[in-house]
Amino acid sequence: MTEPKSDFLRTFVDRGYLHQATDFDALDAALCKGPVTAYIGFDCTAPSLHVGSLLQIMILRHLQQSGHKPVVLMGGGTTKIGDPTGRDLSRQMLTDEMIKTNKAGIRKVFDRFLTFGDGPTDAIMVDNDDWLSGINYISFLRDFGQHFSVNRMLTFDSVRLRLEREQPLSFLEFNYMILQAYDFLELNRRMNCTLQMGGSDQWGNIINGVELGRRVDQADLYGLTSPLMTTSAGTKMGKTAQGAVWLNAEQLSPYDYWQFWRNTDDADVARFLKLFTELPLDEIARLAALEGAGINEAKKVLATEATSLAHGRDAALLAEETARTTFEQGGLGNDLPTVEIERTVLEKGIGILNLLRQAGLSASNGEARRLIQGGGARVNDEKVEDETRILDLDALNSDGVIKLTAGKKRHVIVRPV
């Protein structure tokens, strides 16, 4: 691989996005000639994407900023089947209405990161249901089935791992990789899309699409993958003990999103600054060189920059100020998560275990009990010693609310209504 000449691939390499490429030098040459249309696919399995998809979103953003055209492919058709990649069990089948609702929520995410429109480098969003739903099965098998070897398909990780674990793999899911390859062919025919990108777990599916385009239409297509995102501790990005880190404010508040990035492990800060912010590389190098307490300043920068991209600068600065007020001054930040509780409930009294659970600080009474026993639960910044404690109106602080805390960094305001 030679030093890339195109702005996009230079960014792709320098910031750590590159894992594999089908023909790196030829792709680099194509990117230098003029706008290239490239796509990444996203299935509509939830009303928002989470941080596990953020790397791919950032790649599309960098693509557009480099003068190329991003295509966001919504898998309205393939969502009806389910991608077996990285899964042991089949996905739940979703109705058309559920898929439509999820797609609308996902569009909100992309509106933050990309500029949509009709210009040569404006992003567009398309749905593979537009062509998959009208497929004639017999004609499809006749025209394209001959280009896929079952022997080879069985060697792809998405299939092989399921079989090795003796987990069921339906024929429906087995067809997924054929349909994804067909998506690339359709996008090339419809809008001259010549590049598919995705995580490294999609490499086999991308190769299938590149080869299908070459065999059927003699098209020059390219594939590019990025590493699967894990933390330095080896855990998967986008998942926490409290659940998925959603990119939509309806699923996760900007404050909680900011806190997710603020809690990044020291070993991940420099890498995440490159991947998930747009700070210049020399500024990232300066932040990465900070030691001791200074690394916390780098984490705050990461949190604010990442939150600005997903929720806007104002929301990010409010989250930062809320954290400063809460943690450094011991006060109540304006952006802390808030739950409302009927005043009549407090008049009668509510158990601390129940309140911690209702506030989302524990998943069960048992978990809340262990939190208290471990010294991690506080009410209005005072440690809870008694797991049978009953809270009533007397527990309201001077602001007329109850501040609940789990551990060092999770706070919720309980407000009577």
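Is Thr-225 buried or exposed? Thr-225 is buried, with a relative accessible area of 0%, where buried means under 20% relative accessible area, exposed over 50% and partly exposed in between (1.4 Å probe, protein chains only).

Before we go on, a word on the basis: this is a predicted model, in which local features need pLDDT of at least 70 and side-chain atom pairs count only at pLDDT 80 or more, while totals for chains, interfaces and linings use all residues. Residues are numbered from 1 along each chain as its sequence is written, and side-chain values use heavy atoms, with hydrogens and water left out.

**The chain as a whole**

The chain has 19 helices and 15 strands; these are DSSP runs numbered from the N terminus (helices H or I, at least four residues; strands E, at least two). Of the 417 residues in the chain, 49% are buried. Among contacts (heavy atoms within 4.5 Å) with a separation of 6 or more, 72% join residues 24 or more positions apart.

**Two threonines**

The table sets Thr-225 beside Thr-22.

| Residue | Location | Relative accessible area |
|---|---|---|
| Thr-22 | loop between β1 (20-21) and α2 (24-33) | 28%, partly exposed |
| Thr-225 | strand β6 (residues 222-226) | 0%, buried |

Leaving aside neighbours within four places in sequence, Thr-225 is in contact with residues including Phe-12, Tyr-17, His-19, Ser-200 and Trp-203. With the same neighbours left aside, Thr-22 touches Trp-203, Ile-207, Val-210, Leu-221, Tyr-222 and Gly-223. One of these partners, Leu-221, is 199 residues away along the chain, yet its C-alpha atom is separated from that of Thr-22 by 8.9 Å.

**A helix pair, and the helix after it**

Helix α13 (residues 269-276) packs against helix α14 (residues 281-288) at an angle of about 160°, with their axes 9 Å apart. Axes here are lines fitted to C-alpha atoms over the stretch in contact, and angles run from 0 to 180 degrees between N-to-C directions. The two helices are therefore roughly antiparallel, the word used for angles over 145 degrees. At their contact, Ala-270, Leu-273 and Lys-274 of α13 meet Leu-281, Ile-284, Leu-287 and Ala-288 of α14. By class, that contact has six nonpolar, no polar and one charged residues; Ala, Val, Leu, Ile, Met, Phe, Trp, Tyr, Cys and Pro count as nonpolar, Asp, Glu, Lys and Arg as charged, and the others, Gly among them, as polar.

Helix α15 (residues 294-311) is mostly covered, with 15 of its 18 residues buried. Gly-312 follows α15 and has a positive phi, near 100°.

How values were computed. Angles under 35 degrees count as roughly parallel, over 145 as roughly antiparallel, 65 to 115 as roughly perpendicular and the rest as oblique.
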